[in-house]
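Subject: Handing over a structure, with notes

Dear colleague,

I am passing a structure on to you, and below it you will find what turned up when it was looked through. Please keep it open beside the text while you read.

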Amino acid sequence: MIIELPRTTANPFPTNGVSRDADGVARYDDLPESLVSVLARHAEATPDAEAVVEIDGPRLTYRQLYDRAARVAGGLRGQGVHPGDHVALRYPAGIEWVLGFWGTIMAGGVPVAVNTRLTPSETDVVLNDADVAIDLSAGTPLPDGTPFVLHPRRKDTAALFYTSGTTAVPKGVPTTHAAFLSNAETLARCVGLPRDIGGALRTLISVPLFHVTGCNSQLIAAAYLGGTAVIMPALDLARLTDVLQQERISFLVTVPAVYALLLRRPGLADADTTSVRWVGYGGAPIASSLVHQVQRAFPTAEVFNGYGMTETASLLTTLPHADAVEHADSVGYAVPVVDLAIDPLDGPNHGELLARGPNITAGYWNRQQETAAATVDGWLRTGDIVRVDAAGRVVIVDRAKDMINRGGENVSSVEVEDVLSDAPGVVEVAVVGVPDDVMGEKVGALLVTDGDEALDVDAVLAHARTRLADFKLPQYIRVVDGPLPRTAAGKLRKDRLRVETEWGAPLR
C-alpha cells in the first residue's frame, strides 16, 4: 500500500512555474533544453566570467570552457564516438575531468562517472557493465580535434553515475538532462542561490566529482547559475580555510564530520568568512550543537540540510535555515517538483519513503530485475525508513537494512547515532547490530574522538541514557582515533564495520 503525502502549507518552497504532465509528474515549466544550451548561453553572455578553477591548477572562463570542451568533443568524434556511446571518466577531480564531462556530452556521448577509489578489479566490473567505448583515465590525454557541438534534448541521457555499492555490486543510474536541470533549479529556489550574475556564486567542491553532490549540486549548479566551480582535487583541511578566503567562496557543501574537524582547526576563528553565504550538509546525521557551531563559524551564511540519492540526481528534500537548529534531526521538506509517499510500517506517516519527480531515474542501466524491485507504480523506493511530522518535515529513522532487531525490539541505528553524536568529545559515530546467540543482535557503537583527550565512555553512556530507552543503549562500544570508512558519497561502510570490527566483551 502506498500513501501519498500531501504538500503542507508549512512547506516554504515556491511552486510557481511548476505544472504536471500527463502522468501527474510535477515539472518546472521553463527549463533550458539541455546542459549544452546552458553552457552556450553563458559563453555568449558572460564569456570572461570564471567558470571553473582548479586549486593549484588552471582557471577557465566560460568562453574558454566552451571552446576547449568543443575541441574534446571533436576529438572524441574523431575516435569514433557516436550519440549514446559511453565514455568513462577516470581523471582526478579537476579541469581535465570537467572538460571530459562537457566534451563527451557535446559529442553526443554519455560520460560514465567512475569512482577513482575502486580497485582495478572493481573498476573493470564498472567499465564492463557500462559497455564503455572510450576510457579517459589518469595519464590519458584529453581527445582534441575540430570543434564539434551536438545539442541534445531534455529527455536524453546526459550521464551515467554508479551507486556506491555498500550492500551490493554498484548499479548504473542514467541521468537525463532534465534531471540535472531540475536539480539545479531546485537548488536555486530552495537555497536562494543567485542567478546569472557572472561569478558571484563561487562554490568549493571538495567532494569527488564522480558523486552527485560534487557534480550535480555544485559543478552543474554553478554552470546553471553562471557561477564558478572551485575544485579542490583532494580534501585538505589544512588549506581549506585559506582557500575559502582567497577564492571568496560563497557556497560550501560537505558532510557533517568534515565540519566537525574543520571547526577544531586553528585559524578558522580568526579567518574572514564573510564571503560564505550558504553552508550545506548532508549524507549523515548532524547534532544541533554542531549546527550551532557552524552558524557561529559562518555568521553571514544560511545553513541547510539536503537529502538525496544517486537515483534522484541529488535533492529530494531540503531543510531551510529557519529550521536548521530546532529540527536538526530532519532532512526537511519535499522540494517543489518532488512528490513523496510512504509504504507504511506503523501508521500513515512512518515507513519506507517513496519519491516521484523529473529528477528521478527511470531505472538502472541493464538491470531490469533491480529496477522492478526499486520501483512501484512510477515511484522510487528509497530504502530509507522515515517518519513525517505534521508540517511535512521528513526525519530519516533508518535504512531499511540497518534496523537492529534486539530480541524482537527494533532499534533505529540512526536514532542512536543522533544521540551519541551529540555527546562531548565525539566527532563521528556508527551504530550497527552485533550478532548475539540469545538476543539475535545487540547494539554496537564505534565512536571517533576529537583527539584532544581520552573519551569518557561512562559520560557518553550517561548522556545517552537521558534520551534513549535502555534497550537502545549500546552494549558494545569501540573508541577509535581515525575516521570511519565511507564511500565516495560520504556514506558509512557499515558492511565493512559489521565484518571487520572486533568488539570484545559487552558492557552489560
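In which sense do strands S18 and S19 pair, and over how many bridges? Strand S18 (residues 339-344) and S19 pair in the antiparallel sense, over 6 bridges. Before going further, please bear in mind that this is a predicted model.

**The hairpin and strand S19**

S18 and S19 form a hairpin with 5 residues between them, and in its turn glycine 347 has a positive phi of about 90°. Within this pairing, aspartate 343 has glutamate 352 of S19 as its bridge partner. S19 also pairs with strand S21 (residues 379-388), again in the antiparallel sense, over 5 bridges, and there alanine 355 stands opposite leucine 380 of S21. Of the 7 residues of strand S19 (residues 350-356), 6 are buried, so the strand is largely enclosed by the rest of the structure.

**The sheet of 9 strands**

An open sheet of 9 strands, with mixed pairing, follows the order S5-S4-S12-S11-S13-S14-S15-S16-S17. Its edge strands are S5 (59-61) and S17 (333-334), each of which pairs on one side only. Strand S4 (residues 50-54) and strand S12 (residues 228-231) run parallel and are joined by 3 bridges, with valine 52 standing opposite alanine 229 of S12. Helix H5 (residues 177-191) packs on this sheet, where it touches S13, strand S14 (278-281), S15 and strand S16 (314-319), and the direction of H5 makes about 10° with that of S16.

**The sheet of 5 strands**

A further open sheet, this one of 5 strands and also with mixed pairing, has the order S8-S6-S7-S9-S10. Strand S8 (132-137) and strand S10 (172-176) stand at its edges with a single partner strand each, so one side of each is left without a neighbour in the sheet. On average, and with direction ignored, neighbouring strands of this sheet are turned by 25° against each other. Strand S6 (residues 86-90) and strand S7 (residues 110-113) pair in the parallel sense over 4 bridges, and histidine 86 stands opposite valine 110 of S7. Helix H5, already met on the sheet of 9 strands, also lies across strand S9 (157-162) and S10, running at about 75° to S10.

**Aromatic rings**

The structure holds 7 aromatic pairs. In one of them, the rings of phenylalanine 251 and phenylalanine 304 have their centres 6.2 Å apart and their planes at 15°; planes under 30 degrees apart count as stacked, so this pair is stacked. Phenylalanine 251 lies in strand S13 (residues 251-254) and phenylalanine 304 in strand S15 (residues 302-309), so the pair ties together parts that are 53 residues apart in sequence. Both of these phenylalanines, 251 and 304, are buried. Elsewhere, ring pairs link Trp97, Phe101, Trp102, Phe161 and Phe180 into a cluster, while lysine 171 lies over the face of tyrosine 364, at 5.1 Å from the ring centre.

**Two buried polar residues and a helix**

Is serine 217 buried or exposed? Its relative accessible area is 7%, and since buried means under 20%, serine 217 is buried. This serine 217 has its place in helix H6 (residues 212-224), and its side chain makes a polar contact with the side chain of serine 314, at 2.7 Å. Setting aside residues up to four places away in sequence, serine 217 touches Asn183, Leu187, Val212, Phe251 and Ser314.

Asparagine 305, in strand S15, counts as buried too, at 4% relative accessibility. The side chain of asparagine 305 reaches the backbone oxygen of serine 330 at 3.3 Å, and the residues it touches, beyond those up to four places away in sequence, include Tyr281, Thr317, Leu319 and Val331.

Finally, helix H8 (residues 256-263) has 6 of its 8 residues buried, so it is largely enclosed by the rest of the structure. The buried residues of H8 are Pro256, Ala257, Val258, Tyr259, Ala260 and Leu262, and what covers them includes helix H7 (237-246), S13, S14, helix H9 (288-297) and strand S25 (426-436).

With kind regards

Technical notes:
Residues numbered from 1 in each chain as written. Predicted model: local features only at pLDDT ≥ 70, side-chain atom pairs only at ≥ 80, totals over all residues. Heavy atoms only, no water. Phe/Tyr/Trp six-rings, centres within 6.5 Å; stacked < 30°, edge-to-face > 60°. Helix = DSSP H or I, 4+ residues; strand = E, 2+ residues; numbered from the N terminus. Buried < 20%, exposed > 50% of the residue type's maximum accessible area, 1.4 Å probe, protein only. Lys NZ or Arg CZ within 6 Å of the ring centre and 35° of its normal. Polar contact = N/O pair within 3.5 Å; in protein donor to acceptor, adjacent residues only side chain to side chain. Contact = heavy atoms within 4.5 Å. Pairing = 2+ DSSP bridges. Axes fitted to C-alpha atoms, helices over the stretch in contact; angles between N-to-C directions.
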